[in-house]
Amino acid sequence: MKKIVIVVLLALTTKGYSQFAKNMFSKDPIINLENWQKQRVYFGYYLGFNTFDFKFDYKTPVTNDIQVKKTTGFNVGVVADLRLQEYINLRFEPGLYYTKRDLYYPGFDLEKDYLREVNSTYIHFPLLLKFSSLRTGNIRPYLVGGMSTTLNLSSNSKSQDDNFEGKFRVKQWTAAYEVGFGIDFFTEYFIFSPSVRGMFGIGDELIRDKPINGASPWTDNIDSMKSRAILINFTFH
């Protein structure tokens with residue numbers, strides 16, 4: 001019985017993939033959702049992954065840079081798309097982004113001094129322009145770019161403790177610019193749109209340690225600290 005079920009599932013999967021490939025990549029595909037993107041406004045949602053990093057600039061040159069250990073976080077959000085003309089759309093993609101970075105400071109022996117864990121929960125507000133190419137069958141590549149602002153719910157910006165008490169602080173609001181590309185795949189019932197985007201912070205995000213504690217080996221030599229990230233989203237309209 002199990003063998004029969006496995007054979008049936010494989011047959012269905014193969015048939016489904018063959019149908020998808022035929023509709024997407026054949027020379028004369030069946031055109032799906034032909035008038036969908038002629039709508040003035042349409043909506044969707046996305047799920048995805050991210051990898052965040054920090055870019056450090058120093059006041060004086062250093063021998064050993066601060067090392068950033070990156071992890072893979074996740075994204076979830078919604079999309080509102082406004083058609084400006086045939087090839088240009090304005091998109092608003094608010095979402096929740098979670099990520100984690102570990103900072104390793106050189107020159108310390110104890111973990112409580114050299115390690116700072118930066119857990120970030122972002123509410124992300126990107127406003128983007130989408131530049132689409134001519135649609136070919138059921139495929140339409142596009143470029144996307146714009147500006148974003150982000151609220152960090154885990155910034156510790158209001159904390160009275162600083163690195164002398166093991167508390168790493170960053171600013172609550174940050175800004176960035178974003179550029180990327182993606183492809184719209186028009187299926188029979190919806191548009192599937194995978195995309196890859198780079199995000200580059202504009203302003204300094206670091207909150208310096210309080211002078212009352214003396215010179216800080218964690219923040220005093222940092223001229224600026226800016227986030228940068230790779231965002232991979234899978235959008236459904």
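**Notebook: nonpolar patch and largest pocket**

Entry 1. I started with the strands behind the nonpolar surface patch: β6 (115-132) and β10 (222-236) each give at least two residues to it. A reminder to myself that I am working from a predicted model.

Entry 2. Next I listed the members of the patch. They are F49, L84, L129, F131, L143, F181, V196, I230 and I232, and together they make a nonpolar surface of about 790 Å².

Entry 3. I picked F131 for a closer look. This residue sits in strand β6. Is F131 buried, partly exposed or exposed? With a relative accessible area of 39%, F131 counts as partly exposed, because that class lies between the 20% limit for buried and the 50% limit for exposed. F131 also clears the cut-off of over 30% that patch residues need.

Entry 4. Then I turned to the largest pocket, which holds about 270 Å³ of space. Its lining comprises 14 residues, and E34, K38, E86, R135 and R140 are the closest to the pocket centre. I also sorted the lining by class: six residues are charged, five are nonpolar and three are polar.

Entry 5. Last, I stepped back to the whole chain. How many helices and strands does it have? I found two helices and 10 strands. Reading from the N terminus, the order is α-β-β-β-β-β-α-β-β-β-β-β, so by the N-terminal numbering of elements, β6 comes right after the second helix. Of the 237 residues in the chain, 39% are buried.

Technical notes
Residues are numbered from 1 along each chain as its sequence is written. This is a predicted model: local features need pLDDT of at least 70, side-chain atom pairs count only at pLDDT 80 or more; totals for chains, interfaces and linings use all residues. Side-chain values use heavy atoms; hydrogens and water are left out. Patches are made of residues with over 30% relative accessible area and no salt bridge: like charges are joined within 9 Å, nonpolar side chains (Val, Leu, Ile, Met, Phe, Trp, Tyr) within 5 Å. Accessible areas come from the Shrake-Rupley method with a 1.4 Å probe; for residues, only the protein chains shown count as cover. A salt bridge is a side-chain nitrogen of Lys or Arg within 4 Å of a carboxyl oxygen of Asp or Glu. Helices (H or I, at least four residues) and strands (E, at least two) are DSSP runs, numbered from the N terminus. Buried means under 20% relative accessible area, exposed over 50%, partly exposed in between (1.4 Å probe, protein chains only). On a 1 Å grid over the protein atoms alone, a cavity is a set of points where a 1.4 Å probe fits but cannot get out, and a pocket is an open set with protein on both sides within 12 Å along at least five of seven lines; lining residues have an atom within 4 Å of a point. Grid points are joined across faces, edges and corners, and a volume is the space filled by probe spheres set on the points. Ala, Val, Leu, Ile, Met, Phe, Trp, Tyr, Cys and Pro count as nonpolar, Asp, Glu, Lys and Arg as charged, and the others, Gly among them, as polar.
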